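Let us take a walk through this structure together, going from the overall layout to individual side chains. Please keep the 3D view open as you read.

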Amino acid sequence: MPVEHVVVMGVAGSGKTTVGRLLAERLARPYAEADEFHPAENVAKMAAGTPLTDEDRAPWLAAIRDWLTARSRAGQDTVVTCSALKVAYRDVLREADGRVRFLHLSGPGDLIAERMTHRAGHFMPTSLLPSQLATLEPLTAAEDGVTVVVDVPPAEVVDRALRALHPSAPA
């Protein structure tokens, strides 16, 4: 059976880090936070309220892809967070060795904005949410992934995600 990577994706404030950590824990998999792969220049731009360009994102996405491939070569299934807002970004991640699946965390913009206002210590300002929502391209039928609504507590989101990702697995 090929190695499986779950990329927890969505706009800022959708719960990627919280859900990703819980999912990795439940699945007993290594976890990586995409924010840790950003070069310092990207973090500074976002902290200043400047959206990243596709050129800014290219080395970041390549670094995540390479981490996934390294884990595949070690025989490890993984969970990683990454906004992965565009199909083109997800295409880069799908170049990794192993099966790359996407878990899109979705919710109403007002709910996500509300969550962002309560986050502490994160560099992404709420002012960038509209640009993220405008950039978001939903998963296509050609992509290996599922969408889960985040209108319940994180543990329930993980339950929904596991049922959607592995519908034949025991509950």
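The paragraphs below go from the whole chain to its strands, one helix, the cores and a few single residues.

A word on the source to begin with: this is a predicted model. The protein has seven helices and five strands, and from the N terminus on these elements follow the order β-α-β-α-α-β-α-β-α-α-β-α. Of its 171 residues, 42% are buried. Contacts that reach far along the sequence are well represented: among those between residues at least 6 apart, 75% join residues at least 24 apart.

A good place to start is strand β1, residues 4-9. Six of its six residues are buried, so the strand counts as mostly covered, given that buried means under 20% relative accessible area. In a regular strand the side chains alternate between the two faces of the sheet. Here Glu-4, Val-6 and Val-8 point one way from β1, while His-5, Val-7 and Met-9 point the other way, and all of them are buried.

Which strands pair with β1? One partner is β4 (residues 99-106), joined to β1 in the parallel sense over six bridges; within this pairing, Val-8 has Leu-103 as its bridge partner. The other is β3 (residues 78-81), which runs parallel to β1 and is joined to it by four bridges. There, Val-6 is matched with Val-79. From β4 you can step on to β5, since these two strands also pair in the parallel sense, over five bridges. Look for Ser-106, which stands opposite Val-149 in β5.

Strand β5 (residues 145-149) makes a nice contrast with β1. Its side chains alternate too, but Val-146 and Val-148 point to one face and are buried, whereas Gly-145, Thr-147 and Val-149 point to the other and are not.

Now turn to helix α1, residues 16-27. Its 12 residues reach 16 Å from the first C-alpha to the last, close to the 16 Å expected at 1.5 Å a residue. Which of its residues are buried? They are Lys-16, Val-19, Gly-20, Leu-23 and Ala-24. These residues cover an arc of only 130° around the axis, and therefore they lie on the same side of α1. The spacing fits a general rule: an α-helix has 3.6 residues a turn, so residues three or four places apart point the same way. What do the buried residues of α1 pack against? Their neighbours are β1, β2, β3, β4 and α7 (154-165).

Next come the cores. In soluble globular proteins, nonpolar side chains tend to be buried together. The largest nonpolar core here has 18 residues, and those that touch the most other members are Val-7, Ile-64, Val-80, Cys-82, Leu-93 and Phe-102. At least two residues of this core come from each of β1, α3, α4 and β4, and α3 supplies the largest share, with five. Apart from this core lies another, of 17 residues, including Val-8, Val-79, Leu-105 and Val-146. Phe-102 deserves a closer look: leaving aside residues up to four places away in sequence, it touches Val-7, Met-9, Arg-90, Leu-93, Arg-94, Leu-139, Asp-144, Gly-145 and Val-146.

How many aromatic pairs are there? The count comes to one. Phe-37 and Trp-67 form this pair, which is edge-to-face, with 6.3 Å centre to centre and 70° between the planes. It links distant parts of the chain, 30 residues apart: Phe-37 sits in the loop between β2 (31-32) and α2 (40-47), and Trp-67 belongs to helix α3 (residues 54-73). Trp-67 is buried, because its relative accessible area is 17%.

Two alanines round off the tour. Ala-28, just after α1, takes a positive phi of about 55°, and its place is in the loop between α1 and β2. Ala-84 has a positive phi as well, of about 45°, although it is not a glycine; this residue lies in the loop between β3 and α4 (87-94). Is each of them buried or exposed? Ala-28 is exposed, because its relative accessible area is 70%. Ala-84 is buried, because its relative accessible area is 1%.

Terms used: Residues are numbered from 1 along each chain as its sequence is written. This is a predicted model: local features need pLDDT of at least 70, side-chain atom pairs count only at pLDDT 80 or more; totals for chains, interfaces and linings use all residues. Side-chain values use heavy atoms; hydrogens and water are left out. Buried means under 20% relative accessible area, exposed over 50%, partly exposed in between (1.4 Å probe, protein chains only). Two strands pair if DSSP finds at least two bridges between them. Rings of Phe, Tyr and Trp (its six-membered ring) pair if their centres lie within 6.5 Å; planes under 30 degrees apart count as stacked, over 60 as edge-to-face and the rest as tilted. The expected span of a helix is 1.5 Å times one less than its number of residues. The arc is that of the directions from the helix axis to the C-beta atoms. Contact means heavy atoms within 4.5 Å. A nonpolar core is a set of buried Ala, Val, Leu, Ile, Met, Phe, Trp, Tyr and Cys residues joined through side-chain atoms within 4.5 Å.
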